[in-house]
Amino acid sequence: MKPVSFYLVTDTHYFENELGAEGKAFEKKMSTEQYFMKESSAIIKSTFERIGEDKDTDIVIIPGDLTKNGEKESHKSFIKELYKLKEKGKKIYVITAGHDYGEYSFAYKNDERIQVEGTDFNDLCDMYRDFGYGDAIAIDEPTHSYVAEIASGVRMLAICCDSFNQPKGAMDERHMAWAKEQIDKAKKDNCSVFAICHYPIIPSVPVFDLVGDAKIKEWRKVASFLADNGVELILTGHMHIQSINEFYSEKGNRLIDVCTSCLVGSPAKYRKITVDENSVLKVKTIDVEDFGWDLNGMSAQEYFHSHFAEAIVNRVRGALSGGKGIVKHLKSFAGKRFEKISVGTVERLFFIKRDKELKNKKLTELVGEIGVGIFLGDGVHTEGTPVYNFISGILKRFSFVLKKVEPKLEKDGVKVDLNSMLLNTIGNNKGYSDNDAEFKLR
Ligand SMILES: [Fe+2]
Ligand SMILES: [Fe+2]
């Protein structure tokens with residue numbers, strides 16, 4: 001691949017605070033969210049300032065979910081920030097995604113959720129004409145996918161698969177035929193091609209293979225299509241997770257999927273990506289740092305991760321409440337236990353070898369930590385670590401349930417091994433980092 005260098009920022013989820021971000025309904029909403037609404041504009045402004053100061057890299061790529069949920073005012077304010085960055089000499093390329101249009105745009109005022117003006121999908125190309133669409137060599141009108149030559153001899157195939165009236169999170173035959181035409185044209189013009197897409201192509205962690213919306217539909221087919229047509233690199237977002245994965249097609253061609261976190265909530269990272277003159281791809285991860293808010297003595301990263309850990313626990317609490325009759329009683333019992341129980345007690349209940357390090361830890365704390373850890377990438381709970389042993393012990397106790405469930409989860413003849421899926425989700429055994437990695441490209 002020919003040399004190129006750019007910043008990759010994704011899932012900016014900009015929210016215009018003037019619309020309203022306060023009150024009880026807002027607090028309730030935020031209590032289970034991974035990301036921040038009120039802080040988003042300050043985070044984006046400070047990140048763009050940092051990027052603007054870097055004189056070595058003049059390209060910025062943003063693969064979708066630009067706004068909180070398509071609020072017209074959020075788009076307007078976000079576009080102002082893009083123009084400021086452009087004035088600093090940056091060329092910016094965006095695609096839009098499901099959170100950038102539609103009728104589900106809300107703000108929060110007087111303890112209530114209120115509907116605000118959203119954005120029509122058909123207006124997006126024009127709104128972002130100075131940020132990719134205006135430079136496009138070709139645009140696929142139904143989806144808003146496009147191709148742009150972002151550096152000399154380097155073309156970016158920007159795949160939109162979250163478009164109005166089009167298959168959601170999918171690439172159908174028509175869309176693939178259009179992409180193939182563009183890839184072939186680039187080859188004829190002696191250009192290298194890489195791709196971006198809002199949806200991950202390869203499941204970011206093994207367990208996401210079981211989550212419908214966590215990757216593009218028929219992902220092996222799409223990954224093989226790209227790899228076999230000479231696209232070796234794709235940059236994605238959507239799952240708000242740091243991950244890098246390789247996939248090999250049956251013909252032995254490779255696709256590398258670099259999935260990057262949401263900017264405005266844990267993990268709160270972005271990337272600087274370089275392909276050098278020897279075709280070595282270098283992925284460097286950068287933390288969102290101080291963004292000008294008083295965080296009660298916490299660093300920005302501590303602020304993001306502690307909020308997310310709490311949100312994960314709140315989601316479990318939510319799942320353990322409600323219901324009717326006996327279900328309500330069972331849930332209420334489990335919910336009360338979940339609040340108080342220590343990992344040591346769970347180990348004792350399930351006859352798992354007790355570990356000194358985890359013995360007194362509250363289960364809620366561990367659940368939050370594991371969840372945050374998965375999204376940060378570089379899963380540290382590898383074989384032999386206390387958390388691995390704990391989860392592995394629980395899975396062993398429930399192996400009879402897993403064996404019953406696994407055949408039901410099989411898809412396209414691919415067998416499911418829940419034990420290895422879950423353990424490889426909490427511990428990275430890939431042999432390279434999800435955050436800072438190097439690969440020799442063709
Ligand atoms: Fe998102
Ligand atoms: Fe998304």
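This report walks through a predicted model, from its two iron ions to a helix and some salt bridges.

## The first iron ion

A good place to begin is the iron ion (ligand 1). Four residues coordinate this ion: D11 and D65 through OD atoms, and H13 and H240 through NE2 atoms, at 2.1 to 2.3 Å. Along the chain, these donors follow the spacing D-x1-H-x51-D-x174-H. The angles that the four donor atoms subtend run from 88 to 170°, which makes the arrangement around the iron ion (ligand 1) irregular. To count as tetrahedral, four donors would need all their angles between 85 and 135 degrees.

Where do D11 and D65 sit in the fold? D11 is in the loop between β1 (4–8) and α1 (24–30), while D65 is in the loop between β2 (59–63) and α3 (72–87), so the pair ties together parts that are 54 residues apart in sequence. D11 counts as buried because its relative accessibility is 0%. D65 is buried as well, with a relative accessible area of 2%.

## The second iron ion

The iron ion (ligand 2) has its own set of donors: D65 (OD), H198 (NE2) and H238 (ND1), at 2.2 to 2.3 Å. Their spacing in sequence is D-x132-H-x39-H. You may recognise D65 here, since this residue coordinates both iron ions, which are 3.6 Å apart.

H238 lies in the loop between β10 (233–236) and β11 (243–248), and D65 in the loop between β2 and α3, so this pair ties together parts that are 173 residues apart in sequence. Both D65 and H238 are buried.

## Around D162

Next, have a look at D162, found in the loop between β8 (154–159) and α5 (173–188). Is D162 buried or exposed? With a relative accessibility of 6%, D162 counts as buried.

Leaving aside neighbours within four places in sequence, D162 is in contact with A97, G98, Y101, K168, G169, H198 and Y199. Among these is H198, which is also one of the donors of the iron ion (ligand 2). G98 deserves a closer look too: its backbone nitrogen lies 2.9 Å from a polar atom of the side chain of D162.

## Helix α10 and its surroundings

Helix α10 covers residues 363–376. Its 14 residues should span 20 Å at 1.5 Å a residue, and this agrees with the 20 Å between its end C-alpha atoms. The buried residues of α10 are L363, T364, L366, G368, I370, G371, V372, I374 and F375. An α-helix has 3.6 residues a turn, so residues three or four places apart point the same way.

What do the buried residues of α10 pack against? Their partners are α7 (300–319), α8 (325–340), α9 (343–349), α11 (386–397) and α13 (418–426). After the helix comes G377, which has a positive phi, near 75°.

On the other side of α10, the loop between α9 and α10 holds N360. N360 is exposed because its relative accessible area is 66%. Computed along the sequence, N360 and I341 are 19 residues apart, and in space their C-alpha atoms are 9.3 Å apart.

## Salt bridges

How many salt bridges does the structure hold? There are 26. One of them joins the side chains of K361 and E369, at 2.8 Å from N to O. K361 counts as buried because its relative accessibility is 17%, whereas E369 is partly exposed, with a relative accessible area of 39%. Another salt bridge pairs E33 with K29, whose closest N and O atoms are 2.7 Å apart. E33 counts as buried at 11% relative accessibility, while K29 is partly exposed at 23%.

E149 and R155 also form a salt bridge, with 2.9 Å between their closest N and O atoms. E149 is partly exposed, with a relative accessible area of 33%, and R155 is buried, with 7%. These two residues belong to a network of salt bridges that links E149, R155, K185 and D189.

Terms used: Residues numbered from 1 in each chain as written. Chains lettered and ligands numbered in written order. Predicted model: local features only at pLDDT ≥ 70, side-chain atom pairs only at ≥ 80, totals over all residues. Heavy atoms only, no water. Donors = N, O, S within 2.8 Å, 3.2 Å for Na, K, Ca; no water. Tetrahedral: all angles 85-135°; square planar, octahedral: opposite > 155°, others 65-115°. Helix = DSSP H or I, 4+ residues; strand = E, 2+ residues; numbered from the N terminus. Buried < 20%, exposed > 50% of the residue type's maximum accessible area, 1.4 Å probe, protein only. Expected span 1.5 Å × (residues − 1). Contact = heavy atoms within 4.5 Å. Polar contact = N/O pair within 3.5 Å; in protein donor to acceptor, adjacent residues only side chain to side chain. Salt bridge = Lys/Arg side-chain N within 4 Å of Asp/Glu carboxyl O.
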